[in-house]
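Trainee: I am new to this one. Could you take me through it step by step?

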Amino acid sequence: MSKSNKTPFRIALHGMDTRTYKTMEMYLKGPCRGAAVVVEDAEASIDMIDADHPKARDILDARKAAAPGRPIILLSLQNLQLDNTYFIKKPVNVQQIMAVLDKIKAVAEARKAAAERTKIAQAPAKIPDVPKPPMDEKPKKMAMDVYVNKAKAPKTGDAAEHHKASKHHSAMQLNEGGFTAFLGTLSDIDFDDEVQLLTACYDPRQYFLGYVMSAYKTANLQSRVLQLCSIWKPLTIFPESQEVWIDADDKQTRAFAGMPLGKGSVGKMILTAVDSTTAIQRAEDKFQDMGAFIWKLAIWTSKGRFPIGLDIQGPVYLERWPNFTRLVITPDALRIAALLVQAPRTPLEVAGLLHVKPQYVFVFISACQTIGILKQSERQADAVIAVEPTKKPKNEGLLSKILNKLRGA
């Protein structure tokens with residue numbers, strides 16, 4: 001969270017004695033630079049509980065009952081993994097507190113954005129006004145925005161709004177009822193069969209997604225505009241603006257993304273540099289954010305399957321929250337993200353805890369892995385937020401130096 005945040009979080013402290021209470025209050029004001037302030041229960045937006053208190057469980061249950069939905073931060077010497085809570089290991093430090101506050105802020109913003117999308121999607125269609133009779137005047141010429149030498153042509157206010165809406169068009173229309181059509185179906189996998197479920201994986205390298213990811217990395221490393229040509233339509237990657245351009249809509253891209261590429265198709269994959277000095281006209285509404293594009297591409301390639309290379313029976317976790325304001329929100333994505341941010345869990349464990357379809361968890365994991373925010377943990381007890389090791393003081397006293405010398409240190 002930015003240190004210049006003008007609206008600090010309001011935190012209520014529980015299970016702490018007077019001395020600890022005052023220390024935490026001063027710590028939030030001082031080292032944390034006012035990122036949060038301590039207030040009474042009625043004014044708080046976050047509850048912070050000392051989980052090592054003898055009555056910590058009773059306090060936790062009481063806070064959940066008194067303020068359902070309010071974020072709860074647990075402080076403990078032990079690693080805790082409790083649903084719908086955020087954990088900080090003692091002794092706390094500024095990095096831990098700020099990281100948890102960042103997560104809480106991201107969850108709130110993502111929920112707000114999802115609610116706004118749902119409100120827009122459910123809003124009744126506006127009845128268009130009856131058109132007026134045409135006037136006897138000459139038709140005006142229509143202007144199209146173009147892309148020239150890495151510099152986008154200036155957009156008017158209406159054009160900018162249209163450009164922004166086109167990028168998020170699929171995200172606004174997506175809901176759980178229509179997700180199956182958006183995702184695509186697989187006739188050869190029964191996700192209700194446990195045996196087939198464990199083998200429901202795919203190799204991104206055998207699909208368009210794998211070649212796009214490789215081209216994207218190359219473009220970033222070389223810091224130059226590249227074009228990926230295939231048996232389909234060319235894809236142009238702009239690393240400077242982190243955008244792509246392709247003359248295809250979502251339906252066309254989805255169809256090609258789900259097709260395994262044979263040996264004949266692979267031979268026609270060509271990556272070439274684009275001369276930035278040559279003026280090329282490109283329709284403005286065909287530009288897409290790179291992260292949002294590969295996120296959708298992963299969804300269409302996965303179709304509910306698990307990406308090969310990850311252990312389906314091993315725990316995974318999120319390093320940070322996805323930027324849901326710019327991405328297609330899959331069913332139960334917020335709940336899945338909340339679990340995977342708190343602690344590593346296996347995909348099947350997530351599906352069981354949330355009582356959601358495994359393919360919803362698999363497709364979310366596929367998309368998160370594609371944009372680089374999902375990692376696999378070797379041990380389930382691995383903490384997402386690591387405690388920094390205590391640094392040895394640089395200036396040792398004279399007595400310490402003498403003792404170390406005698407010990408042969």
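Mentor: We start with the whole chain and then turn to its strands and helices.

Mentor: This is a predicted model, where local features need pLDDT of at least 70, side-chain atom pairs count only at pLDDT 80 or more, and totals for chains, interfaces and linings use all residues. Residues are numbered from 1 along each chain as its sequence is written, and side-chain values use heavy atoms, with hydrogens and water left out.

Trainee: How many helices and strands are in the protein chain?

Mentor: Both are DSSP runs, numbered from the N terminus: helices are H or I with at least four residues, strands E with at least two. By that count the protein chain has 15 helices and 16 strands.

Trainee: What share of the residues in the protein chain is buried?

Mentor: Buried means under 20% relative accessible area, with exposed over 50% and partly exposed in between (1.4 Å probe, protein chains only). The chain has 409 residues, and the buried share is 42%.

Trainee: What is the strand order in the open sheet of 5 strands?

Mentor: Two strands pair if DSSP finds at least two bridges between them. Pairing in this sheet is parallel. Its edge strands, E2 (36-38) and E5 (86-89), each pair on one side only. The order is E2-E1-E3-E4-E5.

Trainee: Which residue in E4 stands opposite Asp-47?

Mentor: Strand E3 (residues 46-50) and strand E4 (residues 72-76) are joined in the parallel sense over 4 bridges. Opposite Asp-47 stands Ile-72.

Trainee: What angle does the direction of helix H2 make with that of E3?

Mentor: Contact means heavy atoms within 4.5 Å. Helix H2 (residues 56-66) packs on the sheet and touches E1, E3 and E4. Axes are lines fitted to C-alpha atoms, for helices over the stretch in contact, and angles run from 0 to 180 degrees between N-to-C directions. For H2 and E3 the angle is about 170°.

Trainee: Which residues form the covered face of strand E9?

Mentor: In a regular strand the side chains alternate between the two faces of the sheet. In E9 (residues 226-229), Gln-227 and Cys-229 make the uncovered face. The covered face holds Leu-226 and Leu-228.

Trainee: Which residue in E12 stands opposite Leu-226?

Mentor: E9 pairs with strand E10 (residues 235-238) in the antiparallel sense over 3 bridges, and the two form a hairpin with 5 residues between them. E9 also pairs with strand E12 (residues 270-273), in the antiparallel sense over 4 bridges. There, Leu-226 faces Ala-273.
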